[in-house]
Amino acid sequence: MNKNILTAGDKDFLEESENEHKKKKRDSTREKRRRRNGRRKRSSSSAEGEKELKERSDYKDRGRRKSLKNEKRPKRSERDEGNWGQTMHKTPKKKKSMNTKTRKINNNEEEEAKERMKKKHGRAKSDEKKENKDKAKEKTQEPKKKKHKKVVESSSEQETSEEEDDKETNDDDEVRPECLSPEELEKLKEAVEEKKKLIQSLKGKPWPMKKKLVTLRESQEFVEKYEGALGKGKGRKLYAYKVMMTKKWVKFQRDFENFKTACIPWEMKIKEIESHFGSSVASYFIFLRWMYGINMILFGLTFGLVMVPEALMGRPYGSIPRKTVPRAEEASAMDFAVLWDFKGYAQYSVLFYGFYNNQRAVGWLKFRMPLSYFLVGVGTVAYSYMVVIRTMARNANESGIGDDNSFNFSWKMFTSWDYLIGNPETADNKKDYFLFLLRIKEAILEEQESRKDDNIHLTRFLRVLANFLVLCCLAGSGYLIYFVVRRSQKFTLEGLENHTWWERNEVNMVMSLLGMFCPMLFDVISTLENYHPRVALQWQLGRIFALFLGNLYTFIIALMDEINLKRKEETIVKFNITTWETSLYNSSMSGNVTAPPVTIHPADVPRGPCWETMVGQEFVRLIISDTMTTYITLLIGDFLRAVLVRFLNYCWCWDLEAGFPSYSEFDVSGNVLGLIFNQGMIWMGSFYAPCLPALNVLRLHVSMYLQCWAVMCCNVPQERVFKASGSNNFYMAMLLVILFLSTLPAIYTIVTIPPSFDCGPFSGKNRMFDVIQETLESDFPAWFSKVFSYASNPGLVLPFILLMVLAIYYLQSTSKSYKEANVELKKKLQMQNEENKKKNKQAALKAQMDLEEARKAATQAAEHRRNNNASFQSQEVKVEENHGRNDRNHNGRYGCSSAGGSASQPSVRGPISRCYSNRGNSQYLPGLSQQTNPRIYRTPSLQSH
Amino acid sequence: MVSPAIALAFLPLVLTLIIRYRHYFVLFYRAVLVRIWKDCATGLSREERVYQYVLTHSTPGDPDSILEAFDFWCSKVEYISNIGPKKGKILDRLLMEQSPLTVLELGSHCGYSTIRIARALPLGARLYSIEMDQRNAAIAEKIIRLAGFDDDTVELIVKPSDEVIPQMRSNYGLERLDFVFMDHWKKCYLPDLQLLEECGLLGKGSMILADNVLFPGAPKFLRYLRKCGLYEWKIHRATLEYSRGIRDGMAELVYQGIK
C-alpha cells in the first residue's frame, strides 16, 4: 500500500511538473501568437486537443474573455462548464485502480496544481487585464439588460493579482452604488469578486492571524454592502434573492453539519477527553457509548413489548394474589428501606417476573403476553449475540488490513504518535512513550542477558509463586462469597428483620469490594514475575477475568442452592394451599349453602415463594450495589484524593502531586472489564427482572457523565500506554465469552426448572418453553403445526445442522485460501519492488559510466565541444517541442530531462540518477532501451553548460 | 455493625497498600519512629549521635573513612538524609569533570556532602558551605575539621541561604560560582536559584546540582527549569539514599545564559 501511495505521488509530481512545463511553453506560444494575431484568434488554442488540465486552464481563459467580450453568447459558458465537468469526471476514472487514499491525495495534488497554474496565469493575465480595461471602457455603451448575465458569468472568473484588488477596494470604498456609471459598476463587480476570492483563499495565505481576521472581516463587510447593489431592476432583485438563498443554503449546510455532530451523543465530550488523555481512554468511553446503545435497544424491547402491555392491558394491581402485597408485608411495603431492597410494592409490580399473569391474551389487542415475554427474553439474547459478533467481524476486517509484521518498525515510527492529543502533559507522557520503546528494547536485551545467567531458576520460582498467590487469592475470594451467600440464606430463613442493613447486603458488598480490591493485589503480585509489560498486562487481564467469572459463578451456584430450597418450600406451600382451600370450601359448605361464595381479599391468599422473582431481585440488588460501589470509589478514590493532593500540597513536607499519593490514573482495562461483567449480569438477570435493562441504561447514562467529569477533573493521563485499537476486539471477545457464560445459567434454569405454580407468565405450565407449543396449537392453523412438527423432526434437523456445519467449514476454508492469496500477493509486490530497485541501480550505474565516457570524450576533444555548443542547444529545443506535442509518457521523460538540464551545476550525477529512480517508480519495469534515448542527447548538452 | 465478611473483603486492599508502599513504611519507621525513640532514650539529637559514632569509628584526617563511617551509620543504625554513596559517586564524577574553583553548597547539615565535595576539589579551590541551623553547623564544623579541611578550603557560613546569597559578592569577593550544590529545604531551591541568577553569580558553564528533586521533590523548581530555557539540564535518576525502593533524582543544570 505504501508503495502504491508513493508511486501515485510520484506520478502526480511528474504530471504536475509536466503540466507546468507545458504551461510555460504554452504561455509563451500564446503570447507570440497574440502578438501576431491580436486577440481574435485565441480560440484556436482550444483546438489543440490536449489533456484535461490544459483544457481547464483554457476554459479559464475563455471564461475571462467571454465575460468581457462574448456576452452575446451565453450558451457557450454552459458548454464550457459541461466540458469542465467532463474533465473533472475524467480524472477519477483514470485512477480508478488506486484506492481511495491515493485518490484523495491525487485530488489534493490536482488542486495544488490548479493553484500553481493560476499563479502562472497571473503573468499572462496581467497582460490581459490591461486589454480588459480598455474593453470595459468600450463596453459602457452596451445595453444594460445584459448586466445580470454578466454578473453570473463573472463568478467563474479566476483570481487576479492582489495589488490590483487592494487598489480597487480603496477606490470603491466610498462610492454609492445607486449613482454609478456602468463603468464604475463594472469595477465594483470586479472588486466584489476579488473580495470573494480573497475570502476563499484566505486560509492558505501566509499572513499572521490578526491580519487574516481583519482582512476577512473587511472583505465580508464589503461584499455584504455592495453585493446586493449590483445589477438593476428585475435582474438586481433576482440576483439579490439568489445570493441570499445561496448564503442561507451554505449556512444551513454548516448548521446541519454541526447538528449532525451534535446528534451523536457525547461526541464532543469524548473528543475533549481524547484530546487530553489519548485514544486509549477515549476508547473506553466509546465502548461505554456502544454499550449504552445496545442497552437502549434491550430496554426498548422489554419496555415496549413486556412492561407496558402488562401495565396497561393486564389486570390491575390488587386484582389477583400475585399482583398484591401480602397482608403481612403491607405495613412496611412503602418504606424506603424496603423499596431500596426491591421488596414491598417494588416486588409486586411490573419490574419483576412474579407480577405477570398467565392469561394467554391481554387487552382488546389480544396481546399474547406469555409468548411475548418468552420471545423478548430470547430475542434480547439473540440480538446481543448478533451485535457482538457483527462488531467483532467488522473490527477484524479493520485490523486485518493493518496487521502485518513486514513494516513493524515503520508503522511504529510513523503512526505511533497520537495526533489528537491537545494537552502538553499527555504529550509529555507520549514522548516518554518513545523512550519507553527504547526502554523496552533495553529491557528485552537485559532479559535475554539475565536468562543466560543462572537467575532463571529464581525467575521461574517467582513466577510459580506469584501464580500460586493469585490462585490462593482467587480461592479465598470465591470461598468468601460462597460463605457470605450461605450466610445470607441462613438470614433469610431466620427472617431478615432481625438483621442489620450491613448483614442483609453482605453478598453484594463483598462481591463489589472483592472485585475492586483483588485486581490491585494482582497488580502488586505481578511485579514479582518480571514479565514483559505487554505479557504482564495480558496476565493481569486474564486474572481479573478469572476473578470476576469465579465470583459470578459462585454467586450463581449459591443462587441455585437457594432456588432448590425455594422449590422445596413451594411443594410444602402447595400442599398447604390445597388443604387451606379445602378447609375454606368446607367452611363455606358447612355454613349456609345459599350464601354468596366467600370472597377473600387477594392479599390474604397464601402463596408460594416465587423463586424467579427472588433471582431477579438478587440480580437487581447486585447491579445496584455494584453501581453504588463504582460511584463511591470514583468519588473517594479519585475526587477526594485529588482534592487532598491538590490542596494539602501547599503545606506538606514532600511533593504530593509528583510523588507518593499523586493523582489517580484512569484504569481503562479495569473499567472495561467492570462494564463487561455488569453487562453479563444484565443478560443473566433480565429474564427474571424485566426492569434490569432500564436500570442499566440509567446506570450507564449517569456513569457516562460522572466518569467524564471525574476523568477531566481528577485524573492524570496514564503512563502505561495501552494500544486502544488492537485491544478493541479483545474486549469484544471477552464480551462474547461473558455473553455465552451468562446465557448458560439462564438457559439452564429456563429449560430444566419448572416455573412456579402461582406467579409469572408461565405459571401452571410444566416448562417455560411450553408457551411456544401452546401458541402453535391454538393460534396457528393446523397445517402449520403439522409442518412445524415435521420440521422439528430429528431426521430433518440433523441434516440441516450438518449442512450448516458444512457451510461454515466451506466458508472458513475459502477465507483461509483468500488469506494465503493475499500473502502471496504481498510477497509478489515486495519482489517486484526489489527488482525495480535493482534495475534502477543498474540503470544509474550505466548512466554514470556513460557520463564518464562522455566526459573523457569531452576532455579529449575540447575544441570540438565549443563548436558543437550551439547545435546541441538548438537540438534540445526541438526535442522539447516534439515531446510537448506527444504523449504523457514522453512528457514524463521530458520533464526529467529538463529537470536535469536546468541543473547547471557541474556535478550532474545526482539529478540524472534521481530522474531515473522517479521514472522507475512511476512506470513499471522501465526498459533500458528507452533510457538510452534521452541520455544520448542530454549528456553533451549538460556538459556544455 | 459491619459484618466480619465485609471487613475481610478489605483485606486485599490492605495487603496491596502494604506491599506497594513498603519502602515508604520502612522509611517512615527508620527516619521518624526510630529517631523519636532514640531522641527520648539518649537525650541527644540525631546529629550529635552520628558525630559520636563517627568520632569513635573513623580515623581523623581521612575523609574516606569518615564517609564510610557515615554511610554505615545511616544505612544500618539510623537514618539521616545525606547524599549517600550512590548519588555521591555522580557528584564526584561531575566535580572531577568540572574541576571548579569556587563552589557553593547550600545546606551542609552534618557535613557529609561538604567532605565529599571538598575531597574531590582541585588544589586552590574554595568551598562555601551554608547552613541555617546553629547546632547542625557546629557539628558540621567539627566533622569538617576532623576530616582535615582547613578554613582556606572550606568556609562554613551559618546563615539562611536567602540572606547569604545577595551578600556573596560584597562579603566574600566572589565574581562567579563554578559549581553550586543544593541540598537544603526543597522549597528554597527555586527562590535560591532565582536569587543566584539575579545576583549574577552564575556565568556561562556554571553547574548547579540539586539533590532530591523527585523525592521529597521540588516540582516548582523542575517546572521553572522546563520553562525558563536558561539551562541545559538533565535528571540523574537514582534511588533515595540508604533505601532501595524509592525513586529519586538529582537535577544537573548547566547555566547557558540568555541566548
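Reader: Just so I have the terms straight: buried means under 20% relative accessible area, exposed over 50%, and partly exposed in between (1.4 Å probe, protein chains only). Which of those words fits B:Glu175?

Author: B:Glu175 counts as exposed, at 56% relative accessibility. Before we go on, this is a predicted model, where local features need pLDDT of at least 70 and side-chain atom pairs count only at pLDDT 80 or more, while totals for chains, interfaces and linings use all residues. Residues are numbered from 1 along each chain as its sequence is written, chains are lettered from A and ligands numbered from 1 in the order in which they are written, and side-chain values use heavy atoms, leaving out hydrogens and water.

Reader: Good to know. What does B:Glu175 form a salt bridge with?

Author: Its partner is B:Arg169, and the closest N and O atoms are 3.2 Å apart. A salt bridge here is a side-chain nitrogen of Lys or Arg within 4 Å of a carboxyl oxygen of Asp or Glu. B:Arg169 counts as partly exposed, at 33% relative accessibility.

Reader: Which residues do shared salt-bridge partners join into one network?

Author: That network lies in chain A: A:Arg360, A:Arg368, A:Lys765, A:Glu774 and A:Asp779 are joined by salt bridges that share partners.

Reader: And how many salt bridges are there over all chains?

Author: The structure holds 35 of them.

Reader: Let's stay with chain B. Where does B:Arg116 find its salt-bridge partner?

Author: B:Arg116 pairs with B:Asp92, with 3.3 Å between the closest N and O atoms. This pair links distant parts of the chain, 24 residues apart: B:Arg116 is in helix α7 (residues 112-120) of chain B and B:Asp92 in helix α6 (residues 84-98) of chain B. For the naming, helices (H or I, at least four residues) and strands (E, at least two) are DSSP runs, numbered from the N terminus.

Reader: Is B:Arg116 buried or exposed?

Author: B:Arg116 is buried, with a relative accessible area of 7%. B:Asp92 is buried too, at 13%.

Reader: What about B:Asp39, what does that one bridge to?

Author: B:Asp39 bridges to B:Arg35, with the closest N and O atoms 4.0 Å apart. They sit four residues apart in helix α3 (residues 22-42) of chain B, so about one helical turn separates them. An α-helix has 3.6 residues a turn, so residues three or four places apart point the same way. B:Asp39 is partly exposed at 28% relative accessible area, and B:Arg35 is partly exposed at 31%.

Reader: Nice. How many helices and strands are in chain B?

Author: Chain B has 12 helices and seven strands, and 54% of its 259 residues count as buried.

Reader: Switching to chain A, how many helices and strands does that one have?

Author: Chain A has 30 helices and two strands. Of its 945 residues, 41% count as buried.

Reader: I'm looking at helix α11 in chain A. At what angle does it cross α22?

Author: The axes of α11 (residues 279-313) and α22 (residues 692-714) of chain A cross at roughly 160° and come within 8 Å. Axes are lines fitted to C-alpha atoms, for helices over the stretch in contact, and angles run from 0 to 180 degrees between N-to-C directions. The two helices are therefore roughly antiparallel; angles under 35 degrees count as roughly parallel, over 145 as roughly antiparallel, 65 to 115 as roughly perpendicular and the rest as oblique.

Reader: Which residues of the two helices meet?

Author: Among them are A:Tyr284, A:Leu288 and A:Phe299 in α11(A), and A:Val697, A:Leu700 and A:Met704 in α22(A). Contact means heavy atoms within 4.5 Å. The contact residues divide into 15 nonpolar, six polar and no charged. Ala, Val, Leu, Ile, Met, Phe, Trp, Tyr, Cys and Pro count as nonpolar, Asp, Glu, Lys and Arg as charged, and the others, Gly among them, as polar.

Reader: And α21 of chain A, is it parallel or antiparallel to α11?

Author: α11(A) and α21(A) are roughly parallel: their axes cross at roughly 10° and come within 10 Å, with α21 covering residues 668-685. The contact includes A:Ser280 and A:Met291 of α11(A) and A:Leu675 and A:Trp683 of α21(A).

Reader: Last one: what does B:Gly217 touch?

Author: Leaving out residues up to four places away in sequence, B:Gly217 touches A:Asp655, B:Lys186 and B:Asn212. B:Gly217 is buried, at 9% relative accessibility, and lies in helix α11 (residues 213-217) of chain B.
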